[in-house]
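Hi there,

Here is the structure I promised to pass along. Have a look at it first, and my notes follow below.

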Amino acid sequence: MAVKCFHSFALHLLLATIVIGVVNSEYIEYNTAPRIVTEKINVHLVPHSHDDVGWLKTVDQYYVGANNSIRGACVENVIESVIASLLDDQNRKFIYVEMAFFQRWWRQQSNAKKVKVKKLVDSGQLEFINGGMCMHDEATPHYIDMIDQTTLGHQFIKSEFGQVPRVGWQIDPFGHSAAQAYLLGAELGFDSLFFARIDYQDRAKRLREKTLEVIWQGSKSLGSSSQVKTIFTGIFPRHYDPPDGFTFEINDVSPPIQDDPSLFDYNVQERVNDFVAAALAQVNVTRTNHIMWLMGTDFRYQYAYSWYRQMDKFIHYVNKDGRLNVLYSTPSIYTDAKYAANESWPLKTDDFFPYADKPNAYWTGYFTSRPAFKRYVRDLSGYYLAARQLEFLRGRSSSGPTTDMLADALAIAQHHDAVSGTQRQHVAADYALRLSMGYLQAEKLVASSLSFLSASKSSPDKKNPDTKFQQCPLLNISYCPASEARLSSGKSLVVVVYNSLGWKREEVVRVPVSTLHSPWLISEALTLSLVSSENVIVKDASGKEVVSQILPLSDITLRIRKEYVKAYLGRSPKDTAKHVLAFIASVPPLGFSSYVISDTGRTGRGLSASYVTSGSLNQDVEVSQGNLKLLYSEEGVKMSRYLSTKNQVTAEQTYAYYIGSNGTDKDPQASGAYVFRPDGSRPIKSEGQAQAQLTVVRGPLFDEVHQEFNSWISQITRVYKGKDHAEIEFTVGPIPADDGNSKEVITKLTTTMKTNGTFYTDSNGRDFIKRVRDFRTDWDLQVYQPVAGNYYPINLGIYMQDKTSELSVLVDRAVGGSSLEDGQIELMLHRRMLHDDIRGVGEILNETVCLPDGCKGLTIRGKFYIQIDKPGDGARWRRTFGQEIYSPLLLAFTEQEGDHWINSHKTTFSALEPSYSLPNNVALLTLQELENGEVLLRLAHLFEVGEDSEYSVMTKVELKKLFNNKKISKVKETSLTGNQEKAEMEKRRLIWKVEGSAGEEVKRGEAVDEEELVVELAPMEIRTFLIRFDDHNEMVGEERATT
């Protein structure tokens, strides 16, 4: 037997020797010339790398390849390697998306290298897709932030390469918004939009019906005509990676093509057959004879040659086989091919939220994850808007502080693993540090701009104003060294209040002040006291006394103020501030007013006193300053409003928490940074010493009630004189975790309204979208998670209505929310998890803050606002007050001796012509001077079609009055990001066929007449302009009355 085996082996060896001896290795020239064959299936190979701008590592760690123990990823290697491979073969192509990375790389290159890369871009080998600084999230950013970060990237591409991106590429965000479709798609001039993640049930249906590619109408206000604001949208049949068996990074396991016959494992035909089979499978789920393969995934092409070598071979051998046609391609080429097919496409409306990838895995937890970071991003977004205005009003300087660092930090914070709250903790800290550094630069710019604008024309220091303004970014925890400083004899505090909105505002301003003279106590037994402001007086710039109110800081505010100032600034705040001074500020549009706070040294019962009641609640307490009444009882707080003599609406507000699932034996899915999977809920009631304890403060400006439900949840509810809404300032944390349960804290509003399972949530702060509980427009929903599956992202607000009333809730940051029962609304405010949800981040979402005595769970503070109206009346409040939430009044402080500052400075200012303001349905989104001297202006209509009887109409803005004492020499309307003229963009727009009726054409604003300079805005329309002014004109606002 052994002899027989030996002879068999020897025979095989001899045959192999003969074969090897007659076949030689030789050079093969692969034919990769691009072509489209109309009678064949065309497979478009799109080489790409998805490079997260921070996630498991920081943005800089990803770029340079640091911290590779977490993930072996180096974006610098990706770009270098790809460029080398493209230069090797003119037929090869690559798309790149994240300009935050490419800009870093570009700045490090020699001029010679830049010339070569520009040729690659000009030839179409290297194409910029999407083109923002990052691939932004679509659930949690505000639409202004989405516009800004995309604009930064587009301006970089335009200035360095002269190119305009054509295609949207949102392949990884966890659900897709309607605002993305029309605003960050069609308004940019994009011809198409592509992404991967949609609900697993939705995908299954679309695969069956060949409806993965659609025409998406994101806004009903802007029409469904394919010539208006719709976009061709492609959903990938699987994820954003290649079919199985076709990934070729250096360490991937897919079998390569082995086409050297002198070597073992020759497999050309086998691999060609594999390719053809995978392509035919995809053809069966799409329309036309064009399919796209995404050749890449996260942080691929670090060794690009390993990819291109295999793609070269597949293109050569599959085309030689003849059954298919394969080519190097880009999404732009693919889009043109789809358009040329002259196919009619299904129409898609609304959005793609919520997203689930499995029955018990709804990605709705991240709508709220890292709520403190979400608030920080939102606050700095509004600040950035104001800072750019002030930079323009003063004049952009080539030296000194700018808003650029804040712009860059805010841009990458919109990434889909940044503001979403789904990054690792050290990455979250890195984002926050960048934002803080950007704020400090912008703060200097704001201070110098206000100093310049307030300097008198006749003052010798006009060119170099010397007013040193201070600002207070921690006012949310009542920490402001500038306002807390004790005023020495003869000194007073000047508060300059800037309004970044285009209309006049009258609002209550609140600042902490140092300990006053002892409050005037009426009766200790009743714990009723009067805090008088007789010793503090507030005057406007004319010397007229302004109504003010002194009230005590709550116990919880004093605690978190002490802890968090120490934790984040490294120093303890002074204990002198135990009160807040509030006064009414009247501020002109796009301008400022000045107020003076003085200590008179007197005490007594003044007209502006606050009456404070503290103690146990043994009888009902009613608080009201207008039509909305708050009733406090042992059962909780109820808000009620009479809409007519027979129609009273009452809403009860409560707190609860969901227990986050740890997973089960059948399904290990847990709640985590991304996924919300509740395992029951628990109500939160007052307990222990906090039970039924209230502090009621009544005053001339507003009433407020302090409630402490337990050691980790408290709130202050305010109602303002002349206002119909309630403001609820909540403090949640540290969420206890010692019981081993993850907790997701919510607040509920419960009414008897008959809402029929229907409610409305905003899309990134723009259109409101109708939601129906346990229902999807595009497929028959199989309900497995009745809570998480009905959660939606909220950036502006949520409302519900029936035949007699409407209840609206507005928020101060991105949160998740729903209406799980008729007449009920809930918001998720905070989350503390004890398990990872197995979605890649590999870290538990358990935010803590570290103090000298140890670390504990993070406490967050925020606000939401509630109003009750007749049906259809709430839109006006949601839209206008929503703008005030996004753009709060900006405060700057300085001191003066006597009346010196007031007498020697300009105390009121407006950039607008006196008596002019923007219409109440128009927002000034952007006013920014660019490096080339042009001014970027964006104006937005705030209302949808049919949303309000008075404001949902065509409106006008007079540019001559908007820019007072400034002569406009040229106005050019552009795309949303200012990278192309709008007229040219519309000429190039592809007009797609839509199945069924395309809907009515919607009237848009007419072109701007060069003489009249009047901008028309239709409902939901945003118009963008580049403006040039005559150089000899200065921007000098007029003083105007603030009354």
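How far apart do the end C-alpha atoms of residues 361-435 lie, and how much of the span is helix and how much strand? The two end C-alpha atoms are 32 Å apart, and the span is 60% helix and 3% strand. I picked out these residues because of their label: an unreviewed UniProt entry annotates 361-435 as "domain: Glycoside hydrolase family 38 central". Please keep in mind throughout that this is a predicted model.

**The cysteines**

I expect you will want to know about the disulfides, so let me take those next. The count comes to two, and with bonded cysteines counted along the chain, their pattern is 1-2, 3-4.

One disulfide joins Cys-472 to Cys-480, with 2.0 Å between the sulfur atoms. The torsion about this S-S bond is about 55°, so the disulfide of Cys-472 and Cys-480 is right-handed. Both partners are tucked away from the surface: Cys-472 is buried at a relative accessible area of 11%, and Cys-480 is buried at 0%.

The other disulfide links Cys-850 and Cys-855, whose sulfur atoms are 1.9 Å apart. The S-S torsion in this case is about 100°, so the disulfide of Cys-850 and Cys-855 is right-handed. Cys-850 counts as partly exposed, because its relative accessibility is 46%.

Why is there no bond between Cys-74 and Cys-134? The closest cysteine sulfur to that of Cys-74 is in Cys-134, but it is 20 Å away, which is too far for a bond. Looking from the other end, the sulfur of Cys-134 has Cys-74 as its closest cysteine, again at 20 Å and too far. Cys-74 counts as buried at 6% relative accessibility, and Cys-134 is buried as well, with a relative accessible area of 1%.

**An open sheet**

Next, a sheet that you may like to trace on screen. Five strands form an open sheet with mixed pairing, in the order 4-5-7-6-11. Its edges are strand 4 (167-169) and strand 11 (347-348), each of which pairs on one side only. As a general reminder, strands of a sheet pair through backbone hydrogen bonds, either parallel or antiparallel. Within this sheet, strand 5 (residues 192-195) runs parallel to strand 7 (residues 230-235), and four bridges connect the pair. If you would like one contact to find, Phe-195 has Ile-235 in strand 7 as its bridge partner.

**At the surface**

Which residues make a nonpolar surface patch of about 300 Å²? They are Ile-250, Tyr-303 and Tyr-305. Tyr-303 is placed in the loop between strand 8 (290-295) and helix 10 (304-321). With a relative accessibility of 37%, Tyr-303 counts as partly exposed.

Is Pro-668 buried or exposed? Pro-668 is exposed, because its relative accessible area is 53% and the cut-off for exposed is over 50%. You will find Pro-668 in the loop between strand 26 (647-660) and strand 27 (678-684). From Pro-668 to Lys-967 the separation is 299 residues in sequence and 66 Å in space, taken C-alpha to C-alpha.

Happy browsing, and all the best!

How values were computed
Residues numbered from 1 in each chain as written. Predicted model: local features only at pLDDT ≥ 70, side-chain atom pairs only at ≥ 80, totals over all residues. Heavy atoms only, no water. Patch = residues over 30% accessible without salt bridge, like charges linked within 9 Å, V, L, I, M, F, W, Y side chains within 5 Å. Areas by Shrake-Rupley, 256 points an atom, 1.4 Å probe, with all protein chains shown as cover. Salt bridge = Lys/Arg side-chain N within 4 Å of Asp/Glu carboxyl O. Buried < 20%, exposed > 50% of the residue type's maximum accessible area, 1.4 Å probe, protein only. UniProt positions renumbered as here; feature names shortened; annotations may be inferred. Pairing = 2+ DSSP bridges. Disulfide = S-S within 2.5 Å.
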